[in-house]
There are 2 protein chains.
Amino acid sequence: MFASIAAAGFHVSPGIASFFEPLPSGALGSDTLYLWIAIGTGVLALLAALLFARSVLAADQGTADMQEIASAIREGAEAFMARQYKTIAIMAVVLAAVLYGGYLAYPLTAPLAMKVVFSFLVGAACSGLSGYTGMFVSIRANLRTAAAARNSMTAALKLALRGGAVTGLIVVGLSLLGIGLLFVLFGGIANPEAVPYQLVGFGFGASLVALFAQLGGGIYTKAADVGADLVGKVEAGIPEDDPRNPAVIADLVGDNVGDCAGRGADLFESSAAESVGAMILGAALFPVFGIKGILFPLIVHAINIGASIIGVSSVRGKETDDPMHTLNRGFYITSFLALLGFAAAVHFLLQDRWWLLAAGVVGIATSFAFVSITEYYTETRYKPVQSIAAACNTGAATNIITGLAVGMQTPALPAVVISGALLLSYYFGVRGLENLPDGVMIADYYKGIYGTAIATLGMLSSAAYILAMDTFGPITDNAGGIIEMSNQPHEVRDRTDRLDAAGNTTKALTKGYAIGSAALAAFLLFSAYLETIHNIVKHKVEAAGFTLPVDWTFSNINLASIPVFVGALLGAMLTYLFSSMAISAVGRAAEKVIEDVRAQFKENPGIMKGTSKPDYARCVSIVTGAALKEMVLPGALAVLMPVTIGVLFSHLSTRFHLKSSTDLPEGFSHLVNLTGAESVAAFLMVGTISGILLAMLMNNGGGAWDNAKKLIETGLYGGKGSDAHKAAVVGDTVGDPFKDTAGPSLHVLIKLLATVTLVLAPLFV
Amino acid sequence: MFASIAAAGFHVSPGIASFFEPLPSGALGSDTLYLWIAIGTGVLALLAALLFARSVLAADQGTADMQEIASAIREGAEAFMARQYKTIAIMAVVLAAVLYGGYLAYPLTAPLAMKVVFSFLVGAACSGLSGYTGMFVSIRANLRTAAAARNSMTAALKLALRGGAVTGLIVVGLSLLGIGLLFVLFGGIANPEAVPYQLVGFGFGASLVALFAQLGGGIYTKAADVGADLVGKVEAGIPEDDPRNPAVIADLVGDNVGDCAGRGADLFESSAAESVGAMILGAALFPVFGIKGILFPLIVHAINIGASIIGVSSVRGKETDDPMHTLNRGFYITSFLALLGFAAAVHFLLQDRWWLLAAGVVGIATSFAFVSITEYYTETRYKPVQSIAAACNTGAATNIITGLAVGMQTPALPAVVISGALLLSYYFGVRGLENLPDGVMIADYYKGIYGTAIATLGMLSSAAYILAMDTFGPITDNAGGIIEMSNQPHEVRDRTDRLDAAGNTTKALTKGYAIGSAALAAFLLFSAYLETIHNIVKHKVEAAGFTLPVDWTFSNINLASIPVFVGALLGAMLTYLFSSMAISAVGRAAEKVIEDVRAQFKENPGIMKGTSKPDYARCVSIVTGAALKEMVLPGALAVLMPVTIGVLFSHLSTRFHLKSSTDLPEGFSHLVNLTGAESVAAFLMVGTISGILLAMLMNNGGGAWDNAKKLIETGLYGGKGSDAHKAAVVGDTVGDPFKDTAGPSLHVLIKLLATVTLVLAPLFV
């Protein structure tokens, strides 16, 4: 932002760097090696993805029956993606124009307009590209996985995981390449302190696309699922996945566009936004680490890629092994390698400050804790799911009540874990930055915040593998559907069922991981926002011919001030309203599916007789249109609400005696009004807290209902068809839009709020 | 607290009063008249309650059949209340001992120990007494209302409202008397500035009892309801309210102990805690208004009592009128009179500062807005309930999904209203305190906060009438049950059904009102906490022989500091965990009911044949025991969690470099560590935000499900017995623990958090 103009144009060093003595500029030269390592690893990731993709595509494609079903899924998914990206592209271009105009309107931001808009568009494009190519492979891997499952479960598992790894590697690789190349392009080698601030557009572009991808995909997948079930099972009385149901292909398409493309975009923006945020904090520590501190986040992602490639390649198991066990072994290997890499990075880049490695370990441990807690609440072998299944004996109402009670309980442990992780990594950060070079002084606060950033990077250091495990879910789910619809023998179905069960678990775990990283990263992104505001203020004051005291910082979000409290209240409110909108959107879009299926049955009586085929594509097209229409309003709300609050409060607060109590140094309050910036900060933070808790309720509650149904289907309490099972189906259906639409969309919302406030920060001061 | 010791013993003026020049002490004398007016009105309220009670008790008691049922309900309710109060009394005494010991342990707090513990016990006793006497009348008014309904609906309506008015008047009257007399007793006439701080124990006592009363009553009522339904309707196949069901009396008892005693305790603590909070802020404005500013909150409650007596007495309607219409007319009359009284109070006590009247009007308008919004979301004539009813056509799952989507939407408008009310009343406060006497200087911030306090008082200025309307609910509900069980003619049932429907609406509206006042009061109570901490710091610094700068204030809760953020996160988490516990408690207690009913059917086969009567009392006793056991853990959590956080952070933060960034003046940080106090403040504020939103979701979602079922029972979508109705029953059952256990308990939790932090503030510094 402003700071970067300042630093780039007028040679004013940004942010807290003003505490420090500048380093001799010659110290930079050799360190840029790490930049090229990072960019090189990004290229390597794409090459590895290509190799994995080739090995998947080369595999056997099964029978003609199977291929026909798979190609219907593929066509539907591609049609949805094409239309969805068109809609998103239009919105992105409009927003880019608004952004450009907004930046151009103020003399201070004008020089940055091009860079911000360019990085925004690159971020959006990379996010779209990683979602698209990931799905490109997934919708082909499903068929190969199904074909392999006819002979061997291990072979099928490997294929599905490799298909998933393509998504994981492309996501992390593109994020690394995008940020690395923009850094070079914007002159980061000459101006390493300033350029990270110019990359915020990249994060915003990524999260904007992610929000719409997750929302649109999430609405699509559950509208198709609920609609197909209601009209097929309830009205027409035909079983699930019956080829006579015109919505059945739409349902299978949904798994890909919701889980696969949606989560890919989610984790793309995590890795993008959190890398940029950590680079901004690294820029603030420039006097300590030089450019190495700024490049550290990129090197961590390079490690992530290397460790994940080895982890995925090492996965092998016996036919009789529990697939989840096999997948977890790969995860442990990846995590261990990431830890080693992290230690090496601390050695080479962070001056052997081993307390910072400890902060990274806190992040890795947090990811393990989140995964375990999610397992506890959503797996059938633990008490929560068992209690929900037992409640099904007394009907749907007690099932729902128990599930909601479990869901509301789920945020407790994660909140304690996050609190512990924040406190510990803060402490390690402070310890890690003791004994600074002579003349360099950093407040404990900034040291601690840097510790939390390192912990976040630690948590993300196995993201590519996690993402591979996640995409494994829709691939095996689809493979199961293909096997089911093409009437394969019983033992083949057994294999795909086992793989599908593991896929359900990995999907749940990834959601736990994604929300954990969102929670831990909240502070990092938040600090980046504070830094950005600080720089804008500094520049405004300097432009007016004054100088801010060097020790003034913008790190005071006073909740006891009314506008700040109002910002906090509205931030928390947004998470409820957004969830409500997402859930009702599913209902409305499902309604459209039902109408079309009814119409098809009426227009063409041959469908039910099995003499003619339903028009799958028409149904796919209708639910596509409905989902895309429904995603616009909640998405727009998420962008507009923080902007409105920030602009309103920054302009009206003085007139209405509502200035917050932030202590600008005396004599500057006529130059700068921080009320808007402060209330937006509270909006962001409390919105994040509320969003995290609500998302955990919905993800874990939904997952627990799903598995309680599966538990009963194993034969408990009368098994399939019993009253308990009917009650369990109600819970499962309620949980669907929770865990696959609203919950995951909330993850993305939280990060979008962080990036939109970063990019639009100049408007709030 | 400390301040009061200081002020009482060492003549140091408290809080922001230190900004001001002291007034000549002679100015106090005549103004104490207002104190006696307030106390006198408190006595008047109790007398009026006595008169209303006598007129209710003198009414016709109907047939022997009806009396038998009513006396079973009465005995059950009294047995529950007796055991509940015994449990609460034990906990209160233990806590009083801990409080006494805690205060005694520090030399600075020791002189206050007696006063705090005494006011705590008085507050607890008054709260218990108001709950008990209110219920004493209600469980007798139900029979008289039923008897009157045999001839006239208007007569029945009047009786029920008068029965409710007894609760309303006793609650507000006892609160006024308790605070007024303690003020006199603690030497408030001589030391008006110091004594308000010594009254915090009263608020804490009131909210502690309220929490357990609401939790225990809420668990009881829904456990009995759900248990009776599941075992009666589902297992035994007998209709609702069938006398053969051993749990039927427990169900009717529940309406009284949950809705009636619970909400009475809730609003008792509102009026107590918010009065004390407003008096603390009034003390801070002592140089402007003298003792009048401190007595203003009491005078507002005196107005409340007068206006409500007239409002209740004025209620009359024709037989054909909609009962809700008749009740609302009384509410409008009360509100109008309260407004007039408020204006008079501003004239006599607040120096004709009419902007402050405007702040009061904001409060009154807020109460109207909350009532309207609640009506919109929970009444059958509006779209939300209709959409839920329509969703029942596609089954229980879509009903639940739609209901949850509506519930999640409900916080949006209220959050905007609260934001507007806070901003406006802040602005009016600033304007109202312009043109201060020479030499008096007050920061805009304090003026604005006082404005929000005035708005809260405005909102509470019709509390007694609102409470009468609320208690109207369980009285008419019980009257309906008595009519049903004693086989009265059809037209009598019609009358009680209409009254019951109105009662359901008033119960929903009161919940909206209660949550609105909790939201608006959050700032008031929060400011009182900040003031208290400020005084403690001041005294600690002075005890060490230093002097704080006069312009230093503790009004900075920096959300960007890690311990503060952690406090905020855990505060929000508590609201989820607490709700989860409350909801699962209902399930477990209902389980006990089911077991007992099954056992009774087995032990005594004559019950089902109708040849012998079930043992109602045994079932009442079992659910009583279960509910009381279940209320202890969530209650304890609510008290212990903020204390643990405050104490931990204040003791560990320095050692772990976790000190918050609050700017104590230089040179004092070795004397005082504010990290604990700050993180508790964030815990309180963000817990309040999260609690308000969650409570609205649950109250309104539950109310909407209930009325969607009622809408279908009018004949829509096939009416009673249809598939849509079955789906609607599931929603209604899910909504029960939402709207009658967890939601209302959250109101009380929010206020308990505020009072527990006020009382234990000395531990956090």
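Buried residues are those under 20% relative accessible area, exposed residues those over 50%, and partly exposed residues those in between, with a 1.4 Å probe and protein chains only. The model is predicted, so that local features need pLDDT of at least 70 and side-chain atom pairs count only at pLDDT 80 or more, while totals for chains, interfaces and linings use all residues. Residues are numbered from 1 along each chain as its sequence is written, chains are lettered from A in the order in which they are written, and side-chain values use heavy atoms, with hydrogens and water left out.

**Exercise 1. Classify the two partners of the salt bridge between Glu484(A) and Arg493(A).**

Step one is the pairing itself: a salt bridge is a side-chain nitrogen of Lys or Arg within 4 Å of a carboxyl oxygen of Asp or Glu, and the side chains of Glu484(A) and Arg493(A) meet at 3.5 Å, N to O. Step two is the accessibility: Glu484(A) counts as partly exposed because its relative accessible area is 33%, and Arg493(A) is likewise partly exposed, at 26%.

**Exercise 2. Describe the salt bridge of Lys710(A) and Asp706(A), and place it in its network.**

Begin with the distance, which is 3.1 Å from N to O. Next, locate the residues: both lie in helix α22 (residues 675-713) of chain A, four residues apart, about one turn of the helix, where helices (H or I, at least four residues) are DSSP runs numbered from the N terminus. Then compare the partners: Lys710(A) is partly exposed at 27% relative accessibility, whereas Asp706(A), with 10%, is buried. Finally, widen the view to the network of salt bridges, which links Lys710(A) and Asp706(A) with Lys222(A), Asp225(A), Lys511(A), Asp736(A), Lys739(A) and Asp740(A).

**Exercise 3. Work out which helices Arg618(B) and Asp596(B) join, and whether each residue is buried or partly exposed.**

The closest N and O atoms of this salt bridge are 2.8 Å apart. The pair links distant parts of the chain, since Arg618(B) belongs to helix α21 (residues 616-652) of chain B and Asp596(B) to helix α19 of chain B, 22 residues apart. Arg618(B) is partly exposed, at 28% relative accessibility, while Asp596(B) is buried, with a relative accessible area of 5%.

**Exercise 4. Characterise the interface of chain B and chain A.**

Start with its size, which for an interface is often given as the accessible area lost when the parts come together. Here the two chains bury about 6400 Å² between them, 81% of it on carbon and sulfur atoms; buried area is the accessible area (1.4 Å probe) that two parts lose on being put together, summed over both. Count the participants next: with contact taken as heavy atoms within 4.5 Å, chain B gives 72 residues and chain A 74 residues. Turn last to charged pairs, for which the count of salt bridges between chain B and chain A is zero.

**Exercise 5. Describe the surroundings of Leu174(B).**

Leu174(B) sits in helix α5 (residues 153-185) of chain B and is buried, at 10% relative accessibility. Leaving aside residues up to four places away in sequence, Leu174(B) touches Leu46(B), Cys126(B), Leu129(B), Ser130(B), Leu169(B), Phe202(B) and Phe268(B). A sequence separation of 51 residues divides Leu174(B) from Gly123(B), yet their C-alpha atoms are 9.4 Å apart in space.

Terms used
Helix = DSSP H or I, 4+ residues; strand = E, 2+ residues; numbered from the N terminus. Contact = heavy atoms within 4.5 Å.
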